[in-house]
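Got your viewer open? Load the model, switch to a cartoon view and follow along, one selection at a time.

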Amino acid sequence: MTQFTDLGLAKPLLKALAAEGYVTPTPIQAKAIPSILLGRDLLGIAQTGTGKTAAFALPILQRLADDRKPAPRKGARCLVLSPTRELASQIAESFRTYGAHMGMTVAVVFGGAKYGPQIKALLGGVDVLVATPGRLIDHIAERHADLSSTEVLVLDEADQMLDLGFLQPIRRIVSGMSRKRQNLFFSATMPAEIGKLAGELLVDPVEVRVAPAATTVEKVQQSLLFIEGPRKRALLAELLEDPSVTRALVFTRTKRGADRVAKYLEQADVSAAAIHGDKTQPQRERALAQFKSGQVRALIATDIAARGIDVDGVSHVIQYELPQVPEAYVHRIGRTARAGAAGIAISFCADDERGLLKDIQKLTRQTIAAFDRRNDKVLGAVTAATTSGPSAEQSLPQAKARPQNGQHRSAKPHNHRPNGHQGQGQPNRNRRRGGGGAKGPANGAAKPAWNPLQA
Ligand code: AMP
């Protein structure tokens, strides 16, 4: 297996990688690093979580160090464009981490923050500038930034740029840059407009594709809970009661929805915070810091705000609402199972979201075990349409219809309750009502039923 030491990286980079504990490059790193080191343009089809930041940061740092020169005044030797502030901060952090022994200067520029310090940082020039397009354009318009001698341009999460309406700003930024530069273009998906932009920017690019969307998420154990819309909040609070849910990222479709859910959880005594585009930068940073430190167990996010969030150890991703765009389903569940770890994703689906669910199934072509929690019924497995049959792990065993009065007809353990810690922990409604399930394997079932909260 390829190791970082096989990729021709300089010692200071290997030292920084060793300090991070990274030994083996991820597939995109193994494929992209050698070509970028050769100065080639690159089209990377990969999503967050694949290690793509290091895939471009490492070879860029090496090339800048190999040809050391002063950073251009008001400019940057390398410009990385990011759709969101969070992602911009994280990319800058990665450059700082990997370049720790190289003496490179890194600055980050995004909206919602004061202009003064950004102008100051730009003035003398930096080796690496990470920016969101809107704010960068402001700096260019005010002549605080001049990118005419930038040597490397990275466009990260290009499809997200499209969603945010950043394509024209990007074209404007690029129009002020020298044509003599290396271009690296990353996108999780390739809608036509993104393909067009890539065609405009890239010259004879090497194309690197890592595991298409549907397969990068194989490590995530997914399940679906059918539930009436108005009962989602209570179901969420119920799931979060389970101690195995140590760090849950919860997705809503709207900013207001995120606020409402966070408020409800707080009232239900679950520590929660919301993060979305209407929050101020300090609010976002605080929410993220609290989530990272474990002070809040549930972070309620919209897709855009969550896109750049890189938090290790997200135990569960809960989709409170299914996304409008099926690709977002894959991005969302990719927030757990970071860098190869296993993860659990649970999605709520109300009746009016069935159409969205179909689109997701078409895209992922995976079996998703489903529980029916409507009317508090716990019906058996409704496995999503698939090409491959349900695997033993994915199909729902022995869950059968349970009468609504709570009396179990089946002698087998249903273990239908998503928090699945029957017999211990907090008392809960189902346990009180349905003692049969609580007894578990004592009833004679050899194997406990598959449980959506536990991998
Ligand atoms: P990214 O796709 O760039 O957002 O990276 C996803 C996560 O994987 C980040 O937390 C990185 O720090 C981590 N990571 C990147 N490369 C490696 C590697 N080769 N080995 C282990 N973890 C890595």
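Start by selecting H2 (residues 27–37) and helix H3 (residues 52–66). Their axes come within 9 Å and cross at roughly 25°, so H2 and H3 are roughly parallel to each other. Axes here are lines fitted to C-alpha atoms, for helices over the stretch in contact, and angles run from 0 to 180 degrees between N-to-C directions. Angles under 35 degrees count as roughly parallel, over 145 as roughly antiparallel, 65 to 115 as roughly perpendicular and the rest as oblique. H2 passes H3 in a right-handed crossing; a crossing is right-handed if the near helix is turned clockwise from the far one by less than a right angle, and left-handed if anticlockwise.

Now show side chains where the two helices meet. On the H2 side, pick Ile28, Gln29, Ala32, Ile33, Ile36 and Leu37. On the H3 side, pick Lys52, Ala54, Ala55, Phe56, Leu58, Pro59, Gln62 and Arg63. By class, this contact of H2 with H3 has ten nonpolar, two polar and two charged residues. Ala, Val, Leu, Ile, Met, Phe, Trp, Tyr, Cys and Pro count as nonpolar, Asp, Glu, Lys and Arg as charged, and the others, Gly among them, as polar.

A quick note on what you're looking at. This is a predicted model, where local features need pLDDT of at least 70 and side-chain atom pairs count only at pLDDT 80 or more, while totals for chains, interfaces and linings use all residues. Residues are numbered from 1 along each chain as its sequence is written, and side-chain values use heavy atoms, with hydrogens and water left out. Helices (H or I, at least four residues) and strands (E, at least two) are DSSP runs, numbered from the N terminus.

Stay on H2 a little longer. Which of its residues are buried? Ile28, Gln29, Ala32, Ile33, Ser35, Ile36 and Leu37 are, where buried means under 20% relative accessible area, exposed over 50%, and partly exposed in between (1.4 Å probe, protein chains only). The buried residues of H2 pack against strand S1 (42–45), H3, strand S6 (182–187) and strand S7 (206–209).

Zoom in on glutamine 29. At 5% relative accessibility, it counts as buried. A polar atom of its side chain lies 2.9 Å from the backbone nitrogen of threonine 26. Leaving out residues up to four places away in sequence, glutamine 29 touches Phe4, Leu7, Thr24, Pro34, Gly51, Ala54 and Ala55, with contact meaning heavy atoms within 4.5 Å. Just past the end of H2, click on glycine 39, which takes a positive phi of about 90°.

Next, jump to helix H11 (residues 232–240) and helix H12 (residues 255–267). These axes come within 10 Å and cross at roughly 55°, which makes H11 oblique to H12. H11 passes H12 in a right-handed crossing. Select Arg233, Ala234, Leu236, Ala237 and Leu240 in H11, and you'll find them meeting Val261, Tyr264 and Leu265 in H12. By class, that contact has seven nonpolar, no polar and one charged residues.

Follow the chain out of H12 into the loop before strand S10 (272–275), and you'll come to aspartate 269. It has a positive phi of about 70° although it is not a glycine, and it is exposed, with a relative accessible area of 73%. For another positive phi, go to arginine 143, in the loop between helix H6 (133–141) and strand S5 (152–155). Its phi is about 60°, and at 65% relative accessibility arginine 143 counts as exposed.

Now for another arginine: select arginine 332, in helix H15 (residues 326–333). Is it buried or exposed? With a relative accessible area of 1%, arginine 332 is buried. Its side chain makes a polar contact with the side chain of aspartate 303 (2.7 Å). A polar contact is a pair of N or O atoms within 3.5 Å; within protein, one must be able to donate a hydrogen and the other to accept it, and residues adjacent in sequence count only if both atoms are side-chain atoms.

Last stop: leucine 356, in helix H16 (residues 354–364). It is buried, with a relative accessible area of 13%. Measure from its C-alpha to that of proline 323, 33 residues away in sequence, and you should get 7.1 Å.

Zoom out to finish: the chain has 18 helices and 14 strands, and 54% of its 455 residues count as buried.
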